[in-house]
Amino acid sequence: MSLSLGFAGSYREGDVRFLLTRLPAADFVDVKAKEALIQAGKRHYSEMLSPERAPSPRYMALFEEACRMNGERMARDCLHLAGLIAARRNGAVTLVSLVRGGTPVGVVLKRLLAKVFGRETVHYSVSIVRDRGIDANALRHILAHGHAPESIVFIDGWTGKGVIARELASAVARFNAQHGVALDPGLYVLSDLAGAAFVAASCEDYLIPSSILNATVSGLISRSVLNEAIGPDDFHGCVLYEQFAGEDRSRSFVDLIESLALEQARTDGPVIAADTDAAAARSQAYIEQVRQRYGIEDVNLIKPGIGEATRVLLRRVPRLLLLRDAHSPAVAHLRLLAEEKHVPVEIDPALPYQAVSLIRSASDA
């Protein structure tokens, strides 16, 4: 395989270029088998994919309700984040979103930067893998196509414990040292629960609608893959779930959020970045508390916040779902997933987040 100009997935041409290598939809690994291999240290999570399924009509109804309930809030945060980016970058902007959670946000930001702030903007979406770094081939490709290093802004949807924000910082530092450039390693997000991002529109745990779907709100692409199928000169890989085209909401979702943001742009006030210090302290204290309470040694088994809790219930082996308020509409989809997968639910009114998922240790299976 060789580097190409990327592809748009199910988004419109011009919305995004996925710098990913398309892989055949084969060699999927069962969720339980994948979990056992990961926790035994036999395979890295990025080397395997479990098959996704199309969301059920009942689950899609919860997604539509999430859009009605929090679409305007997400739109406002996208508008604020676009304003913060415009204030921190001169001239053209090169958005580099992190697959997949950052992709819909990057599409909306690209449109808002052009339409509200008059900035020439391009948007790439690239892979980053915990413990293995960002796709350096993708970054080299972006720079080789004439985008100035100082124009690059890294985008994601939210932080959970801040692992990806820290991975990004260390990976970009290595890239800068190897290539003699000065990419800004700061991460820009809508919601920074960990206090680990460089710039955030919010530090609150709210239901970002795109966080509760997988491929069908992310251009029909899978989570990224980095295994033996990926050569040294290839982008990280992915599978394109073309069979889910009938259930795809990728275009309609970003259209909705953009239109809601443009309505707010007419009356929006000054833009102020969220203060992440308190969020960082809260995150660190809670992680330590939950480790002691549930006897957890590996912090990777703790996933705080609605977005991360959803990912666990969709593609990992959950041990327990913690909710602050079982009757909150923001966690209705989590209750449904827990019911479908027979995951126990514990209510903790003192929870600093709306939801937390704990992954089952392979030694307890």
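# A tour of two sheets and a helix

Start with helix 9, residues 332–341, in this predicted model. Helix 9 lies across strand 12 (318–323), strand 13 and strand 14. Its direction runs at about 150° to that of strand 12.

**The four-stranded sheet**

Now select the strands beneath your cursor one by one. They belong to an open sheet of four strands, in the order 11-14-12-13. The pairing is mixed. Which strands stand at the edges? Strand 11 (302–304) and strand 13 (345–347) do. Each has a single partner strand, so one side of each is left without a neighbour in the sheet. Look along the sheet for its twist, which averages 20° from one strand to the next.

Next, pick strand 11 together with strand 14, residues 355–359. The two run antiparallel, and three bridges join them. Show Ile302 and Leu358: Ile302 stands opposite Leu358, which is in strand 14.

**Helix 7**

Move to helix 7, residues 277–294. Its 18 residues reach 26 Å from the first C-alpha to the last. That is close to the 26 Å expected at 1.5 Å a residue.

Colour the buried residues of helix 7: Ala279, Ala280, Ser283, Tyr286, Ile287, Val290 and Tyr294. Turn the view to look down the helix axis. The buried residues fall within an arc of 135°, so they line one face of helix 7. What do they pack against? Their partners are strand 8, strand 11, strand 12, strand 13 and strand 14.

Swing round to the other side of helix 7. Asp277, Ala278, Gln284 and Gln292 are exposed there. Then step past the end of the helix to Gly295, which follows helix 7 and has a positive phi, near 65°.

**The six-stranded sheet**

Strand 8 leads to the next stop. It is part of an open sheet of six strands, ordered 1-4-3-7-8-9. Here the pairing is parallel. Find the edges at strand 1 (17–18) and strand 9 (199–202), each of which pairs on one side only.

Zoom in on strand 1 and strand 4, residues 121–126. They pair in the parallel sense over two bridges. Select Arg17, and opposite you will find Tyr124 in strand 4.

Finish with helix 5, residues 163–179, which packs on this sheet. Helix 5 touches strand 3 (93–98), strand 7 (152–159) and strand 8 (187–192). Its direction makes about 160° with that of strand 7.

Note on methods:
Residues are numbered from 1 along each chain as its sequence is written. This is a predicted model: local features need pLDDT of at least 70, side-chain atom pairs count only at pLDDT 80 or more; totals for chains, interfaces and linings use all residues. Side-chain values use heavy atoms; hydrogens and water are left out. Two strands pair if DSSP finds at least two bridges between them. Axes are lines fitted to C-alpha atoms, for helices over the stretch in contact, and angles run from 0 to 180 degrees between N-to-C directions. Contact means heavy atoms within 4.5 Å. The expected span of a helix is 1.5 Å times one less than its number of residues. Buried means under 20% relative accessible area, exposed over 50%, partly exposed in between (1.4 Å probe, protein chains only). The arc is that of the directions from the helix axis to the C-beta atoms.
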